[in-house]
Amino acid sequence: MDEKLKVYEEKMTKTMKNLGGELGAIRAGRANPHVLDRIVVDYYGTPTPIQQVANVSVPEARMIQIQPWEKNMLKVIDKAIQISDLGINPTNDGSTIRLVFPELTEERRKDLAKDVNKKGEAAKVAIRNIRRDGNDAFKKLKGTEVSEDEIKDLGERLQKLTDKYIKDVDKEVEAKTKEVMTV
């Protein structure tokens, strides 16, 4: 692959990874430990992800169990979950925190599906912006040692790359929407 295109492909790949992370955090009826990925706790003055201060497991389909390695982290984790946007109250039994996810209602599933589509559209916009930046950079090559045919070819190859990534976004969004909408 041309070095001039490689930069833009890497950016598009990062956009896809970001979308995968965002979609992974959306719960679809089953308990998914990735919903905790964005929640950080204060661990001796350092913001630290929950997974780095506790054992996170899924003992049942709709429950996440968090067992801190240090007892004093129980309250800190509990509070971090309560102030997060998870919308779930943790149950603290003195040694373990449990998050019980309620069954999703039809209305909530539709809201989640809309959210999935919104995140997919944002990823598509980001990919198109990367394409625009690439095309702008290629136009600036005019008048240099790069011929107009080569610039046109770079633009066409960048468009093919963009189309491929847009298709990938559509596939991920479709798969996640299907997951969210199935009971």
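Helices are DSSP runs of H or I with at least four residues, numbered from the N terminus. The model is predicted, and local features therefore need pLDDT of at least 70 and side-chain atom pairs pLDDT 80 or more, while totals for chains, interfaces and linings use all residues. Residues are numbered from 1 along each chain as its sequence is written, and side-chain values use heavy atoms, with hydrogens and water left out.

Asp133 is located in helix α3, which spans residues 106–139. With a relative accessible area of 35%, Asp133 is partly exposed, a class lying between buried (under 20%) and exposed (over 50%), as computed with a 1.4 Å probe on protein chains only. The C-alpha atom of Asp133 is 8.6 Å from that of Tyr8, although 125 residues separate the two along the chain.

The largest nonpolar core, a set of buried Ala, Val, Leu, Ile, Met, Phe, Trp, Tyr and Cys residues joined through side-chain atoms within 4.5 Å, holds 24 residues, of which Met12, Ile127, Phe138, Leu158 and Val169 touch the most other members. Two or more residues of this core are given by each of α1 (3–24), α3 and α4 (148–181), and the largest share, 9 residues, comes from α4. When residues up to four places away in sequence are not counted, Met12 is in contact (heavy atoms within 4.5 Å) with Ile127, Ile130, Arg131, Leu158, Leu161, Thr162 and Tyr165. A second, separate core comprises 21 residues, among them Ala54, Ile66, Ala80 and Leu86.
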